[in-house]
Amino acid sequence: MAEHKEESVMDKITEKFHGGSSSSSSSDDDERKSGSSSSVKAKIYRLFGREKPVHSVLGGGKPADLFLWRNKKISGGVLAGATAIWLLFEVLEYHLLTLLCHGFILTLGILFLWSNASAFVNKCPPNIPEVKIPEDLAVNVARSLRYEINRGFASLRAIGQGRDLKKFLIVVAGLWILSFLGSCCNFLTLFYIVFMVLYTVPVLYEKYEDKIDAFGEKAMVELKKYYAIFDEKCLSKIPKGPSKDKKQH
């Protein structure tokens, strides 16, 4: 009986030992797997070198929630309003100045009649709020516009001096595309197309992010190959403008 008890005690000790070793080995395997998965995630290609989520790239807050359809009622209402404005001006050929004048006439007429009729009906007159543009808001908007305009002028000046051939080709291609779109449609239709792109592309990209990034990686590899060939055969033979060092000497 004593021998059987000793054997049972030894069996329990060995089982505990093996169980602990297996748990430690499983924990080590889990750590390795998590480390390998994190390294794989770090190596995933993102479009334009993006490291933040789409919501943060769009600036976060309410504008990002609007474009990513976080609140479907508000986003749908904005889309319906933009579509109604486009239909009103493009399909029905309503003019902006006419719409503004008719809107002011209707609003002022309703408020005027309501204010005069309130004395006969024994009701309170309409509470018309006093609208003022804050000085700080106007100054901040003007400063931001000034900064962006100056940065655009500086970029155009650098391109005109022949320092960056790649940027020059990108700007020329972008302007040519805009001129082509401008010949096909007017400014309001073009603005509505841009609005629809901004309203649909981010939410679709967030939904199919991994597939789009994988396709974008393949496309960027191919574009780099063709650009290297084009640079070797054509761009490298074009004389560049004088650099800043030569001008200083």
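What pattern does the chain follow when it is read along the sequence? The answer is α-α-α-α-α-α-α-α-α-α, and the secondary structure comes to 10 helices and zero strands. Please keep in mind throughout that what we have above is a predicted model, and that the values I quote have been computed from it.

Let me begin with the chain as a whole. Of its 249 residues, 10% count as buried, and its accessible surface comes to about 21,000 Å², of which 67% belongs to carbon and sulfur atoms. If we take the contacts between residues at least 6 apart in sequence, we find that 58% of them join residues at least 24 apart.

Now to the aromatic rings, where a search of the whole structure finds six aromatic pairs. One of these pairs is formed by tryptophan 69 and tyrosine 199, which meet edge-to-face, with 5.4 Å from centre to centre and 65 degrees between the planes. Tryptophan 69 lies in the loop between helix H3 (61-67) and helix H4 (72-91), while tyrosine 199 belongs to helix H8 (residues 187-207), so this pair ties together parts that are 130 residues apart in sequence. Is each of these two residues buried or exposed? Tyrosine 199 counts as buried, at 1% relative accessibility, whereas tryptophan 69 is partly exposed, with a relative accessible area of 25%. The two also belong to a cluster, in which ring pairs link Phe67, Trp69, Phe195 and Tyr199.

Another pair brings together tryptophan 176 and phenylalanine 180, whose ring centres are 6.1 Å apart and whose planes stand at 15 degrees, so this pair is stacked; the reason is that planes under 30 degrees apart count as stacked. Both residues sit in helix H7 (residues 165-184), and because they are four residues apart there, about one helical turn separates them. It helps to recall that an α-helix has 3.6 residues a turn, so residues three or four places apart point the same way. Tryptophan 176 is exposed, with a relative accessible area of 58%, and phenylalanine 180 counts as partly exposed at 47%.

Let me turn next to charged side chains. Side chains of opposite charge can pair when their charged atoms come close, and in this model the count comes to three salt bridges.

I will start with the one between arginine 70 and glutamate 206, whose side chains meet at 3.0 Å, N to O. This pair links distant parts of the chain, since arginine 70 is in the loop between H3 and H4 and glutamate 206 is in helix H8, 136 residues apart. You may remember that tryptophan 69 and tyrosine 199 were also placed in that loop and in helix H8. Arginine 70 is partly exposed, with a relative accessible area of 44%, and glutamate 206 is likewise partly exposed, at 28%.

Lysine 132 forms a salt bridge with glutamate 130, and here the closest N and O atoms are 3.4 Å apart. Lysine 132 is exposed, with a relative accessible area of 64%, and glutamate 130 is exposed too, at 66%.

The side chains of arginine 151 and glutamate 148 meet in a salt bridge as well, at 2.9 Å from N to O. Both residues lie in helix H6, three residues apart, which is about one turn of the helix. Arginine 151 counts as partly exposed at 45% relative accessibility, and glutamate 148 is partly exposed with a relative accessible area of 41%.

Staying with helix H6, which covers residues 135-160, we also find isoleucine 149 there, and this residue is partly exposed, with a relative accessible area of 47%. Isoleucine 149 is one of the residues that make a nonpolar surface patch of about 600 Å², together with Leu137, Val141, Leu145, Phe153 and Leu156.

Finally, let me look at helix H9, residues 209-233. How far apart should the ends of this helix be, at 1.5 Å a residue? Its 25 residues should span 36 Å, and its end C-alpha atoms are indeed 36 Å apart, which agrees; the expected span is 1.5 Å times one less than the number of residues. Within H9, Glu209, Asp213 and Gly216 are buried, and the buried residues of this helix pack against H8.

How values were computed: Residues are numbered from 1 along each chain as its sequence is written. This is a predicted model: local features need pLDDT of at least 70, side-chain atom pairs count only at pLDDT 80 or more; totals for chains, interfaces and linings use all residues. Side-chain values use heavy atoms; hydrogens and water are left out. Rings of Phe, Tyr and Trp (its six-membered ring) pair if their centres lie within 6.5 Å; planes under 30 degrees apart count as stacked, over 60 as edge-to-face and the rest as tilted. Helices (H or I, at least four residues) and strands (E, at least two) are DSSP runs, numbered from the N terminus. Buried means under 20% relative accessible area, exposed over 50%, partly exposed in between (1.4 Å probe, protein chains only). Patches are made of residues with over 30% relative accessible area and no salt bridge: like charges are joined within 9 Å, nonpolar side chains (Val, Leu, Ile, Met, Phe, Trp, Tyr) within 5 Å. Accessible areas come from the Shrake-Rupley method with a 1.4 Å probe; for residues, only the protein chains shown count as cover. A salt bridge is a side-chain nitrogen of Lys or Arg within 4 Å of a carboxyl oxygen of Asp or Glu. Contact means heavy atoms within 4.5 Å.
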